[in-house]
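Trainee: Could we walk through this one together, starting with the overall layout and then going into the details?

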Amino acid sequence: MATTTFTKKSLGFDVEPAVTPPPASTETAFLKKPKLGGKQRKRDIPEGLWTKCPKCETMVFDKELDENLKVCPKCSHHFPIGARERIHSLVETCSFEEMDADMISVDILKFTGVAAYKDKLEAYQKTTQLKDAVITGIGKIGECRVGLGVMDFAFLGGSMGSVVGEKLTRLIEASTDRSLPVIIISTSGGARMYEGMFSLMQMAKTCGALAYHAKAKLPYISVLTHPTTAGVMASYASVGDLILAEPAAMIGFAGPRVIKDTTQAELPPGFQTAEFLLDRGLIDAIVSRKEMKERLQYYLEFLGEGKRQMAALS
Ligand SMILES: [Zn+2]
């Protein structure tokens, strides 16, 4: 068992631990009264109550942040959100039937690096209360039943291993069988290196299932959230009939440093952000998290109506 403790930061989240803001200037710090004894010090605020927004640096009350779907109430910065919370924010109450909830990854290569893959899986299952990096199922958004897959970055960086690939493939196939649209909300660092070639094969498998889904003239909406990169972006995340993204999400294949080193060229400002890619036509729309449900409902109705009209013509 790994003994590593997992803080928000070690899970790759871009948030600062809860601390009281530093004094405004050194002058005021200098004029401050001598330090009080440990117990009386003002900075003994319980951990986890406040989160500092990395964009506007406001200290946001965690409860307020939760109620606001993890969006900063001051500057609309989108914090990472868990898969379950996101599903809850999108589907109608009690309409979501989860699929393959108990499917877990197997350490087929007996991978050991800094830590063994098996230990990592156990540790992440414990800290995130998830079995793997994606939750799939059939639910209702407004009046429309959809196949919904939601990734969670907190589980091993949202990496795509055999389980993520298999769960999504089954979701897409079930949706094809039932003539349902598919929505996949991605957040991922890419393929899961602990599974080597097996993780790369998921790229072809998921896209193959999506091709059959498209052949049945069923819509697929891909939603890209911060960050969606590498093997996931190079497969199912980038082949949506409609591709939406959350504001300021980092989206790309290789990281900017690698690209810069390889091409030896200065990268343009805003490179690999959702806004940059919208401007260049890869993304169809940027939708804030709080409007996501409403917009998905609108697009689903629009695409469904198109299909009905096509059926009437043929
Ligand atoms: Zn903010």
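Mentor: We can take the chain as a whole, then its cores, its helices and a few backbone details.

Mentor: Please keep in mind throughout that this is a predicted model.

Trainee: How many helices and strands does the protein chain have?

Mentor: The secondary structure of the protein chain comes to 10 helices and 10 strands, and buried residues make up 34% of its 314 residues.

Trainee: And among contacts between residues at least 6 apart in sequence, what share joins residues at least 24 apart?

Mentor: In the protein chain that share is 69%.

Trainee: Now the inside: which residues touch the most other members of the largest nonpolar core?

Mentor: That core has 56 residues, and the ones touching the most other members are Ile183, Leu224 and Leu296. Helix H5 gives the most to this core, contributing five residues. Apart from it lies another core, of five residues, which includes Trp50, Val60, Val71 and Cys72.

Trainee: What is Ile183 in contact with, leaving aside neighbours within four places in sequence?

Mentor: On that count, Ile183 is in contact with Val146, Leu148, Ile221, Val223 and Leu296.

Trainee: Let's go to H5, then. Is Leu168 buried or exposed?

Mentor: Leu168, which is found in helix H5 (residues 162-177), is buried, because 28 other C-beta atoms lie within 10 Å and 20 or more are enough for that class. Not counting residues up to four places away in sequence, Leu168 touches Val134, Thr136, Gly149, Ile184, Thr206 and Tyr236.

Trainee: How far is Leu168 from Val182 in space?

Mentor: Their C-alpha atoms are 9.9 Å apart, while in sequence Leu168 and Val182 are separated by 14 residues.

Trainee: At what angle do H5 and H6 pack?

Mentor: H5 packs with helix H6 (residues 196-215) at an angle of about 10°, and their axes are 9 Å apart. That makes H5 roughly parallel to H6, since angles under 35 degrees count as roughly parallel.

Trainee: Which residues meet there, and how does the contact of H5 with H6 break down by class?

Mentor: On the H5 side the residues include Val164, Leu168 and Ile172, and on the H6 side they include Phe198, Thr206 and Leu210. By class, the contact of H5 with H6 has seven nonpolar, nine polar and two charged residues.

Trainee: Switching helices, which residues of H3 are buried?

Mentor: In helix H3 (residues 83-90) the buried residues are Ala83, Arg86 and Leu90. They cover an arc of only 65° around the axis, which puts them on the same side of H3. The general background is that an α-helix has 3.6 residues a turn, so residues three or four places apart point the same way.

Trainee: And H8, how many of its residues are buried?

Mentor: Of the eight residues of helix H8 (residues 256-263) the number buried is zero, so H8 lies largely in the open. H8 is followed by Gln264, whose phi is positive, near 55°.

Trainee: Which other residues have a positive phi without being glycine?

Mentor: Two to look at are Asp100, with a positive phi of about 45°, and Ser179, with phi near 55°. Asp100 lies in the loop between strand E3 (97-99) and helix H4 (117-128), whereas Ser179 is placed in the loop between H5 and strand E6 (182-188). Asp100 is partly exposed, with 19 other C-beta atoms within 10 Å, while Ser179, with 12 C-beta neighbours inside 10 Å, counts as exposed. As background, most residues other than glycine have a negative phi, and most peptide bonds are trans.

Trainee: Where is the peptide bond that is cis?

Mentor: The peptide bond from His226 to Pro227 is cis, with omega near -15°, and Pro227 lies in strand E7 (residues 220-229).

Trainee: Last one: is Ser105 buried or exposed?

Mentor: Ser105 counts as buried, having 25 C-beta neighbours inside 10 Å, although this residue lies in the loop between E3 and H4. Leaving out residues up to four places away in sequence, Ser105 touches Leu121, Asp132, Gly161, Ser162 and Val163. Ser105 and Asp132 are 27 residues apart in sequence, with a C-alpha to C-alpha distance of 7.3 Å in space.

Notes. Residues numbered from 1 in each chain as written. Predicted model: local features only at pLDDT ≥ 70, side-chain atom pairs only at ≥ 80, totals over all residues. Helix = DSSP H or I, 4+ residues; strand = E, 2+ residues; numbered from the N terminus. Arc of directions from axis to C-beta. Contact = placed C-beta atoms within 7 Å. Core = buried A, V, L, I, M, F, W, Y, C linked by C-beta atoms within 7 Å. Axes fitted to C-alpha atoms, helices over the stretch in contact; angles between N-to-C directions. Parallel < 35°, antiparallel > 145°, perpendicular 65-115°, else oblique. Nonpolar A, V, L, I, M, F, W, Y, C, P; charged D, E, K, R; others polar.
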